[in-house]
Protein chains: 2
Amino acid sequence: MKTADPELMRAINRFHVLDTIRRHGPIARVEICERTELSATTVSAITASLIDDGLVAPQHIGDLRNGGRGRPRVMLTLNPDAACIVGVKISPYRMHLVVTDFQGDVLSELGLPVRLDREPLIVLSYLIEDGVRSCVTKAGLTIEAITSLSVALPGVVEYGTGCVRASALIAEPDAQLAEAMVARLGIPTIVESDANAVAQAEYWFGEARALEDFVLVSLENSIGLAVMHEGQLFRGALGLSPNLGDLIVSGPDRAAPVRLATIAEQEAIIAGSEDVESLRESARSGEAAQEIVKRIEGGDEGLILSATRAGKSLGLALANIVTMLAPPRIFLVGSSLALGDHLLNDLIATLADATPEPLAGVSEIVVSMPGDAAWARGAAALALRELYGAPWSTTGPARHAYKNGIQGENHGR
Amino acid sequence: MKTADPELMRAINRFHVLDTIRRHGPIARVEICERTELSATTVSAITASLIDDGLVAPQHIGDLRNGGRGRPRVMLTLNPDAACIVGVKISPYRMHLVVTDFQGDVLSELGLPVRLDREPLIVLSYLIEDGVRSCVTKAGLTIEAITSLSVALPGVVEYGTGCVRASALIAEPDAQLAEAMVARLGIPTIVESDANAVAQAEYWFGEARALEDFVLVSLENSIGLAVMHEGQLFRGALGLSPNLGDLIVSGPDRAAPVRLATIAEQEAIIAGSEDVESLRESARSGEAAQEIVKRIEGGDEGLILSATRAGKSLGLALANIVTMLAPPRIFLVGSSLALGDHLLNDLIATLADATPEPLAGVSEIVVSMPGDAAWARGAAALALRELYGAPWSTTGPARHAYKNGIQGENHGR
DNA sequence: TTATTTTTATACCGATCACGGATTAATTTC
DNA sequence: GAAATTAATCCGTGATCGGTATAAAAATAA
């Protein structure tokens, strides 16, 4: 535990003010006082310091007239130019990149078709480098202007070290992705699971705004899990992110354990179809879900069966999450949601059936469908969170072992 | 979020010092400086205030001579008389009580045979009252001397409100146990799941000392779960504690979901035996596990099968915990462990088999067998933790809604 | 017995920080 | 142009921490 000295106090309040400015757009100092419950003096001092450090800028133009007389408020915003982040979201058939400014506003966006199926790390890192350079150029910037890179991908990731322990996209286990990207681009790099990235996006920009505790389940080609606890992502030992696809959904009587991924991943659903090959083809163009819906409505019995099975399995998994974590809200996101009721009906029904009665009604299920860019933006947000320098260490046993690309420390001033 | 002012700073350091004194027995001020990394000045001021408040006392007797010359250190300890707590652990066949002082040292201990099978709240609260009065008398005290009461029992409990949503011991759902105890004894009361209580015991007194992150699975007549995260128990919405017995361990193909409890609870194991009735009889005297072992070694095929099944199911459940939370360590506790290898062999083997490869070796399994008193002491420790007044709100969405028996607030001074 | 040494605990000083009240600044309204 | 109003800052106070110096207490040595 840290000892509490004036420095920490200042760091906490500073972060609090910075976070308030981030969340509540252009905001006047008085309003910061109200929201943070800090004194006007303190806010004035801290904002002065933030402006001095170039993180915050007064907004002269477009002064909102606050109703009437009196000295007009000077609105403050994050200084967009304080940093540039590249966020990347990778899935088997697409790579999506955004360049954001210090506010998390998107400067440029790029979606690239790829086809990643257990590729060597060197291939993946090459593709990322390529995408990053393109997207940065598209934003009218150069690589030197980029402060951090943040990559989100499905699988089991060590946040601290940037090591991808396992992913459907990478051939080798324990791939040192962050290290590889630092070597290629010379930019400090964060690697995180796609579920955690999109959870951060929902928390900062999306439907989970101001919701400190929730769970998110991502239903893509892989199935991921994110647990937000008191505004911080829950991470396991070594900063490991969870991977819901590895959850076991078979009973003890089966000889071999059956994992959720083998039932509920998009590929698993497709495999039930009467025309697997052509569905796989549409998957490559990222339109598997729509195509599946069409087939189901066309009467593909196999598909109906596998979708049902997937929905039920997911319902059971969610029930177990409710049993173990009892989150106030559970978000469902990801491309598989395009299946709509064909997946959700069974999911909701099974969940309702399988939730222990005492926990009925505790966890509200919310379906959210952020676009690809939101995921990438969430990745960028993870990097921004580091830059804002929260005084509380990142949650979980693995302390912020920030990637040593250029700077080693990012504390305080 | 709280604003950081000098008061908070003081509270943090004060708690830090108090916690250091608690953990490291009689300890000199200098050593507190080293451990907390606070300056001698600060430690001196804080300890003076703690002594002034009667929470800490200098220990004149038995001064440890620290090697040689120089001014001898004055050892400080928690003032045992600062508070008296009653901790209760309830299981279907036993009620165990301890009275502890402010240090958590046991002043008196009492084990009572009971037989609780979905009893009305009024019966349970009567039995608790009776036990508490006996145990307090045994300690040579009166009820008036008791600061708080803390009850641990299996089931789904709302920590904040002291409401037992469901438990095998209580007939009605949503039993307001804390309220009932306050009405009976007039003592502020905490109610918590038995798993959380024993986790707190392991954290403060047992094998998990100084281990900030771990998961604990309690294998008793019920199966419980506790997640310790950064030294705080993880609680869900409304302060709900998890109940692992409600976990579903069947696949999506089963018509009705099968819960872990129906396979791995002691009662479920017993049900497999060729001589159920006499085993139930031994269970009543709390010696089911030993008896089961005897029968298994005597060749009770049904029992062997059900024990195996239980072990496998638990292994799967643990694998799923590893998948979702990746804790550095998992503690197994509870009376079912007396089954020894008859349960553990299958459990460990299944766990090893079912753990996703990328997570192999992340979570270390530790078997611990604290006695009944330790559970009750853990309950008392939960109450003590509240009294120490940690400046960080209790973890989870439910903020410290401390039971309003006598005092309403327990902050700071 | 007395002086020295060694270690512990506290007192004093200067630093930073948050806060409250007074002050200055920038508008609108009369 | 003066008054009113609201926003932001300046100044003094009280609190904390840290560092250094000092007082206290005991063992050791003369």
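This passage looks at how the protein meets DNA strand D and then at a small sheet in chain A of the predicted model.

Start with the DNA. The surface near DNA strand D is made up of 24 residues, and those that come nearest are A:Ser44, A:Arg71, A:Arg73, B:Arg10 and B:Thr42. Sorted by type, the residues of this surface come out as eight nonpolar, nine polar and seven charged. On the DNA side, 74% of the strand D atoms within 4 Å of the protein belong to sugar or phosphate, while the rest belong to bases.

A few side chains can be picked out at the phosphates. In B:Arg10, a side-chain N or O atom sits 2.5 Å from a phosphate oxygen of DNA strand D. For B:Asn13, a polar side-chain atom is 3.1 Å from a phosphate oxygen of that strand, and for A:Arg29 the distance from a side-chain N or O atom to a phosphate oxygen is 3.3 Å. Zooming out to whole elements, those giving two or more residues to this surface are helices H2 (29–36) and H3 (40–52) in chain A, plus helices H1 (6–23) and H3 (40–52) in chain B.

Now for the sheet. In chain A, three strands line up in the order S8-S9-S10 to form an open, antiparallel sheet. Its edges are S8 (156–158) and S10 (175–176), each of which pairs on one side only. In general, strands of a sheet are held in pairs by backbone hydrogen bonds. Between S8 and S9 (residues 163–166) of chain A there are three bridges; in one of these pairings, A:Val157 has A:Val164 of S9 as its bridge partner.

Methods. Residues are numbered from 1 along each chain as its sequence is written. Chains are lettered from A and ligands numbered from 1 in the order in which they are written. This is a predicted model: local features need pLDDT of at least 70, side-chain atom pairs count only at pLDDT 80 or more; totals for chains, interfaces and linings use all residues. Side-chain values use heavy atoms; hydrogens and water are left out. A residue is near a molecule or strand if one of its heavy atoms lies within 4 Å of it. A polar contact is a pair of N or O atoms within 3.5 Å; within protein, one must be able to donate a hydrogen and the other to accept it, and residues adjacent in sequence count only if both atoms are side-chain atoms. Helices (H or I, at least four residues) and strands (E, at least two) are DSSP runs, numbered from the N terminus. Ala, Val, Leu, Ile, Met, Phe, Trp, Tyr, Cys and Pro count as nonpolar, Asp, Glu, Lys and Arg as charged, and the others, Gly among them, as polar. Two strands pair if DSSP finds at least two bridges between them.
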